[in-house]
Amino acid sequence: MTVMSKPPATACVSRPFAPRFGAPASISPAAVFPALLFVAFGMLVLLMSACSNEPPLALSPAAAEGREIANANGCASCHGKDGQGVTAPSWQGIYLEQIPIDGGATVLADEDYLYRSITDPQAEIVRDWTLKMPKNSLTDVDIDAVIAYIKELR
Ligand code: HEC
């Protein structure tokens, strides 16, 4: 009896380690290879879609100028080089939409709203955006062009 009680005790101590060392060996190369192929294929698809998304933006001259202005004045770093939104809301399709703002109301995104958003960024804050949009030094002519650009981002 007393002899029997020892072996199980040591078996219990060594047991937790056994499956850990055993596990990696059970993943065979035959199982890993298809998984790697899948990941590689996914990356390829992502890469190709990123390239084919380049600029098929058909913009009027005024809007194209607005895009240049937005991209040259740092707007693009937050709103995206195609206005697609990065750390700031997208401009795509917002024109004449109802924009939810802080406080529960919504505002019609007409030219006045866009002008106000650019000249006085804190006037209305798009709901749920905590990042503060900085002030900028765009002239009214610049802003008109940027608004023309935003209007054409459908
Ligand atoms: C540091 C990041 C940042 C930069 C740079 C920036 N913005 Fe913004 N912008 C924001 C954020 C965040 C919001 C949403 C919160 C708010 O309403 O202030 C916003 C909101 C706006 C809106 C309202 C969008 C909507 O969906 O209603 C317009 C228009 C706009 N920005 C234009 C511009 C223009 C033009 C520039 C360049 C002169 C610019 N922004 C630069 C962060 C930025």
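I began with the ligand and found that helix H5 (75-79) gives the most to the shell around it, with four residues. I took helices as DSSP runs of H or I with at least four residues, numbered from the N terminus. The model is predicted; local features need pLDDT of at least 70, side-chain atom pairs count only at pLDDT 80 or more, and totals for chains, interfaces and linings use all residues. Residues are numbered from 1 along each chain as its sequence is written.

I then looked up the shell as a whole: 26 residues surround the ligand, and the closest are Cys75, Cys78, Ala88, Met133 and Asn136. A residue was counted as near if its C-beta atom, placed from the backbone, lies within 6 Å of the ligand. H5 and helix H6 (111-119) are the elements that give two or more residues. By type, I noted 19 nonpolar, seven polar and no charged residues. Ala, Val, Leu, Ile, Met, Phe, Trp, Tyr, Cys and Pro count as nonpolar, Asp, Glu, Lys and Arg as charged, and the others, Gly among them, as polar.

I turned next to helix H4. Ala63, Gly66, Arg67, Ile69 and Ala70 are buried there (20 or more other C-beta atoms within 10 Å of the residue's own, with 12 or fewer for exposed and partly exposed in between; C-beta atoms are placed from the backbone). They lie on the same side of H4, because they cover an arc of only 165 degrees around the axis, taken from the directions from the helix axis to the C-beta atoms. On the face turned away from that buried side I found the exposed residues Pro61 and Ala72. Gly74, which follows H4, has a positive phi, near 80 degrees.

Note on methods:
Two residues are in contact if their C-beta atoms, placed from the backbone, lie within 7 Å.
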